[in-house]
Amino acid sequence: MTRDLVIIGCGGFGREVYSLALTLQKQGTGWHIAGFVDDDPSPTNLRLVERLGSSVIGPVSKLRAGGMAAVAAVGSPVTRRAIVDRLADVDLDWPALVHPDSTVGQDIEIGSGVVIAAGARLSTNIAVGSHVHIDQNATIGHDSRVGAFSRLNPQACVSGSVTIGQGVLVGASGTVLPGLQVGDNAVIGAGAVVVRDVPANRVVKGVPAK
């Protein structure tokens, strides 16, 4: 039975997820893209969604009807977690969307609601928590763990045996060297190179990151 898939958030990343979902739909995933939900869509985003041949079908509360699939396509880890928490009591499926042009190796645990974009590379023996975003050309090395609601921006590099906490943001081209730990809700700036553990709730940037 075909089930509706709704994309939460019609901003730039939401529209990228739409393209990913459309690719998967054409391969026969068992669901149909019903459109976007967004509590405050800008006129620009509404116009761009229409150019994709889709529409914003209402606010996030529309999902409270249940009985459908959804993906939280909001870049901010804090906002994404808040949206998912609001819907915790609703009968929703949260499928993982994995682009066919990504590389996912052996023994990879992928949680619900995960988005893995084109060009991403996950090597082996990796655990990815729920609602994690792994953007274009980001990489995760062997024996690493990425906590729920974290986000790896384009070309981020998580080396082997790294532990990334929950709600972490790794900026574009940010690098975490092998064996390190990054605490919950930390932010690693774009282009930063992390050479030592990062405590929870810390913002680090630069080379080396500090």
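His142 sits in the loop between β13 (139-140) and β14 (145-146). Keep in mind as you look around that this is a predicted model. In UniProt, an unreviewed entry places the feature "active site" at His142. Is this residue buried, partly exposed or exposed? His142 has a relative accessible area of 39%, so the label is partly exposed. Now look for its partners from elsewhere in the chain. Leaving out residues up to four places away in sequence, His142 touches Ser123, Thr124, Asn125 and Ile126, and also Gly160 and Ser161.

UniProt has something to say about a glycine too. For "binding site", again in an unreviewed entry, the record lists Gly75. You'll find Gly75 in the loop that runs between strand β4 (68-72) and helix α3 (77-86). Its relative accessible area is 25%, so Gly75 counts as partly exposed. Which residues does Gly75 touch, if those up to four places away in sequence don't count? They are Arg80, His133 and Arg151.

Follow the chain back from that loop and you reach the strands. β4 runs parallel to β1, and four bridges join the two. One spot to check by eye is Val6, which stands opposite Ala70 in β4. Strand β1 (residues 3-8) also pairs with β2 (residues 31-37), in the parallel sense and over six bridges. Here you can pick out Arg3, whose bridge partner in β2 is Trp31. How does the chain get from β1 to β2? It passes through helix α1 (residues 12-26), and this β-α-β crossover is right-handed.

Next, the loop between β15 (151-152) and β16 (157-158), which is home to Asn153. Asn153 has a relative accessibility of 18%, and the cut-off for buried is under 20%, so Asn153 counts as buried. What is it packed against? Setting aside neighbours within four places in sequence, Asn153 is in contact with Asp135 and Ala138, and with Leu169, Val170, Gly171 and Ala172. The loop between β15 and β16 also holds Gln155, and Gln155 is partly exposed, with a relative accessible area of 49%.

Gln155 brings us to some backbone angles. Most residues other than glycine have a negative phi, and most peptide bonds are trans. Gln155 isn't a glycine, yet its phi is positive, at about 65°. Asn185 isn't a glycine either, and its phi is also positive, at about 65°. To find Asn185, go to the loop between β20 (181-182) and β21 (187-188). With 38% relative accessibility, Asn185 counts as partly exposed.

The peptide bonds have a case of their own. Which form does the bond from Val207 to Pro208 take, cis or trans? This bond is cis, with omega near -5°. Pro208 is in the segment after β23 (203-204).

Here are the accessibility values side by side:

| Residue | Relative accessibility | Label |
|---|---|---|
| Gly75 | 25% | partly exposed |
| His142 | 39% | partly exposed |
| Asn153 | 18% | buried |
| Gln155 | 49% | partly exposed |
| Asn185 | 38% | partly exposed |

Definitions and conventions:
Residues are numbered from 1 along each chain as its sequence is written. This is a predicted model: local features need pLDDT of at least 70, side-chain atom pairs count only at pLDDT 80 or more; totals for chains, interfaces and linings use all residues. Side-chain values use heavy atoms; hydrogens and water are left out. UniProt positions are given in the numbering used here, feature names are shortened, and annotations may be inferred rather than shown by experiment. Buried means under 20% relative accessible area, exposed over 50%, partly exposed in between (1.4 Å probe, protein chains only). Contact means heavy atoms within 4.5 Å. Two strands pair if DSSP finds at least two bridges between them. A crossover is right-handed if, with the strands pointing away from the viewer, the path from the first strand over the helix to the second runs clockwise.
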